[in-house]
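Good morning, and thank you for joining this session. Please take a moment with the sequence and the structure before I begin.

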Amino acid sequence: VQLQASGGGLVHTGDSLRLSCVASDGFFNRYAMAWFRQAPGKEREFVAAIGQSLTTDYADSVRGRFTISRDNDKDTVYLQMYNLQPEDTAAYYCAARLYTVSQRAIEYDFWGQGTQVTVSS
């Protein structure tokens, strides 16, 4: 499956932004979808995931500020980000794996290209 992420940009502290990731696969509803991010010089880190059954999981650093959702009719997963902080600055990647969520990047089989989010103070 191919994943196409979009929605990144340059925002100020406290602003909101919504990322989207469209999958080119007719079996989108079988996949658990996730967002990871990677800042320069740092390892890729888990942000949020949503499973086939709509189970969600969040990194502690974003819980309460970010919301992951999916629209199976549009083969799209979203990441709504509120109250963005400079430490949220990173390239954001969407990823897919069959069925269940995971926080481990190595367990995801498909990746989209990154979309850059930059939060200025």
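Which residues touch the most other members of the largest nonpolar core? They are M33, W35, L79, M81 and Y92, out of the 36 residues in that core. By a nonpolar core I mean a set of buried Ala, Val, Leu, Ile, Met, Phe, Trp, Tyr and Cys residues joined through side-chain atoms within 4.5 Å. Buried means under 20% relative accessible area, exposed means over 50%, and partly exposed lies in between, with a 1.4 Å probe and protein chains only. The elements that give two or more residues to this core are β1 (3-6), β3 (17-23), β4 (31-38), β5 (45-50), β7 (66-71), β8 (76-81), β9 (90-98) and β11 (115-120). Strands here are DSSP runs of E with at least two residues, numbered from the N terminus.

I should state the basis of these values. This is a predicted model, in which local features need pLDDT of at least 70 and side-chain atom pairs count only at pLDDT 80 or more, while totals for chains, interfaces and linings use all residues. Residues are numbered from 1 along each chain as its sequence is written, and side-chain values use heavy atoms, with hydrogens and water left out.

Let us turn to M33, which lies in strand β4. M33 counts as buried because its relative accessibility is 1%. Contact means heavy atoms within 4.5 Å. Beyond its neighbours within four places in sequence, M33 is in contact with L3, C21, F28, A48, A49, I50, I68, R70, V77, A95 and A96. As for R70, its C-alpha atom is separated from that of M33 by 8.4 Å, with the two residues 37 apart along the chain.

Next, the strand that holds L79 and M81. Is β8 enclosed or open to its surroundings? Six of the six residues of β8 are buried, so the strand is largely enclosed by the rest of the structure. In a regular strand the side chains alternate between the two faces of the sheet. In β8, T76, Y78 and Q80 point one way, and V77, L79 and M81 point the other way.

Which strands accompany β8 in its sheet? The sheet is open, has four strands in the order β1-β3-β8-β7, and is paired in the antiparallel sense. β1 and β7 stand at the edges with a single partner strand each, so one side of each has no neighbour in the sheet. From one strand to the next, the twist averages 15 degrees. Two strands pair if DSSP finds at least two bridges between them.

Six bridges join β3 to β8, and L19 stands opposite L79, while R18 stands opposite Q80. On the other side, β7 and β8 are also joined by six bridges, and I68 has L79 as its bridge partner. Four residues lie between the strands of the β7 and β8 hairpin, where D75 takes a positive phi near 55 degrees.

Finally, β1 and β3 pair over four bridges, with L3 opposite A23. In β3, five of the seven residues are buried.

Note on methods. Axes are lines fitted to C-alpha atoms, for helices over the stretch in contact, and angles run from 0 to 180 degrees between N-to-C directions.
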